[in-house]
Structures are given as C-alpha cells and as structure tokens.
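I opened my notebook to record what I looked up, place by place, and to keep each entry to what could be read from the model.

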Amino acid sequence: MPVIRRAAGDFIGYCGLTVGRASVDEPEIAYELFRRVHGQGYATEAASAVLDAAAATGRKRLWATVRPWNAPSFRVLEKLGFERDHVSTEDGVELVWLTRLLR
Ligand SMILES: CC(C)(COP(=O)(O)OP(=O)(O)OC[C@H]1O[C@@H](n2cnc3c(N)ncnc32)[C@H](O)[C@@H]1OP(=O)(O)O)[C@@H](O)C(=O)NCCC(=O)NCCS
C-alpha cells in the first residue's frame, strides 16, 4: 500500500503485507520509504497501521525478514514489538527472521 503524508499529501513509499518467504495466513510485513523522509517515524507509523489491519483480518502472527546490517529496519520492528526468531541463509547471505503475535 502507498504511504502518503496527510498534511503534504505526497507519496513517500510503501508499507504492507506480502506472502514473501512466509504464507498467506502468516505473511511478512514489508516497507520502503524515500531516503529524504527517513528518521521521522513514518515507517513505524505506517507499519503500526498495517499491524492493526492484519489483526482485523483475523491473522494471528506476522513475520519480517531482514538482512543483518539493516539497523533502521531492526529498530522499526523492535519499536513494534517484533522479536528475533531464527536466522536462515539465502544466496550465501544471512537473513534474520522476526515475528510478532497479533491480538
Ligand atoms: C527501514 C526504513 C523503512 C525505516 O524508515 P524510517 O521512516 O526512517 O523509520 P522510523 O523513523 O520509523 O524508525 C527508524 C529508527 O531506526 C533508527 N536508526 C536509523 N538508523 C540507524 C542506525 N544506523 N542504527 C541504529 N538505529 C538506526 C532511528 O533512530 C529510528 O529509531 P528511534 O525512533 O528509536 O530513533 C527505511 O530506512 C528504508 O526505507 N530503508 C530501505 C528499505 C528497507 O531496508 N526496507 C526494509 C527491508 S527489511
């Protein structure tokens, strides 16, 4: 889904659910915002809304997969209550799996 700032009305990136490496019942959360708007809490705000929407569909758990060096993404997920679950390897690169239970 597009992320649009309420006041400015401009498109700044996307945030949503994807089957990705997970499943329809327990999908992955994914997000990417333009660099010029980083560090203002927008990813956390958008992802929080996606968490609520996922819970409203009856989903019980979400996943996220993050490259080990992506500190901003880990921080966003930490702020949202995700916890590290396991590590896999894809194309020779580690991938950290995080998960969060939904109410
Ligand atoms: C990940 C991403 C969406 C975060 O967007 P954002 O709007 O800047 O995120 P927020 O402002 O909500 O939160 C970022 C947090 O990371 C922290 N952070 C930023 N750079 C950091 C670093 N190098 N080390 C540690 N923490 C860092 C910020 O301080 C902030 O935490 P705080 O609120 O405690 O200060 C953005 O960096 C992005 O689009 N990256 C490229 C795409 C990507 O990596 N997507 C995720 C793939 S898993």
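**Entry 1: a loop glycine**

I began with G81, which touches T99 and R100 when residues up to four places away in sequence are not counted. The model I am reading is a predicted one, and I keep that in mind for every entry below. I placed G81 in the loop between α2 and β5, the latter spanning residues 83–90. Is G81 buried, exposed or partly exposed? I noted a relative accessible area of 39% for G81, and because this falls between the 20% and 50% limits, the residue counts as partly exposed. I also looked up its distance to Y31, and found that G81 and Y31 are 50 residues apart in sequence and 16 Å apart in space, C-alpha to C-alpha.

**Entry 2: another loop residue**

I then turned to D91, which lies in the loop between β5 and β6, where β6 covers residues 93–101. Its relative accessibility is 75%, so D91 counts as exposed, the limit for that word being over 50%. I wrote down its backbone angle as well, since phi of D91 is near 55°, a positive value in a residue other than glycine.

**Entry 3: two strand residues**

Next I looked up E28, which belongs to strand β3, residues 28–33. Why is E28 counted as buried? Its relative accessibility is 5%, and buried means under 20%, so E28 meets that limit. The side chain of E28 makes a polar contact of 2.8 Å with the side chain of T65. Leaving out residues up to four places away in sequence, I listed the residues that E28 touches, among them G16, R21, W63 and T65.

I went on to A64, which is found in strand β4. At 2% relative accessibility A64 counts as buried, and the residues that it touches, again without those up to four places away in sequence, are I29, L77, F82, V96, W97 and L98. I also checked A64 against G20, and although these two are 44 residues apart along the chain, their C-alpha atoms are separated by 9.3 Å.

**Entry 4: a helix residue**

For helix α2 I chose S73, which lies in that helix and is buried, with a relative accessible area of 10%. Apart from its neighbours within four places in sequence, S73 is in contact with Y31 and V66.

**Entry 5: around the ligand**

Last, I looked at the ligand, whose space is the largest pocket. Which elements give two or more residues to the shell around the ligand? I found β3, α1 (42–56), β4 (61–66) and α2 (71–79), and of these α2 gives the most, with six residues. There are 19 residues around the ligand, and G39, G41, T44, N70 and K79 come nearest.

I then noted individual distances to oxygen atoms of the ligand. A polar side-chain atom of N70 lies 2.7 Å from an oxygen atom of the ligand, and for G39 a backbone N or O atom is 2.7 Å from a ligand oxygen. In H38 an N or O atom of the side chain is 3.1 Å from an oxygen atom of the ligand. To close the entry I recorded the cover: on its own the ligand has 970 Å² of accessible area, and the protein covers 64% of this.

Key:
Residues numbered from 1 in each chain as written. Predicted model: local features only at pLDDT ≥ 70, side-chain atom pairs only at ≥ 80, totals over all residues. Heavy atoms only, no water. Helix = DSSP H or I, 4+ residues; strand = E, 2+ residues; numbered from the N terminus. Buried < 20%, exposed > 50% of the residue type's maximum accessible area, 1.4 Å probe, protein only. Polar contact = N/O pair within 3.5 Å; in protein donor to acceptor, adjacent residues only side chain to side chain. Contact = heavy atoms within 4.5 Å. Near = heavy atom within 4 Å. Areas by Shrake-Rupley, 256 points an atom, 1.4 Å probe, with all protein chains shown as cover. 1 Å grid on protein atoms, 1.4 Å probe; cavity = no way out; pocket = protein on both sides within 12 Å on 5 of 7 lines; lining within 4 Å. Sits in = over half its atoms within 2 Å of the grid points.
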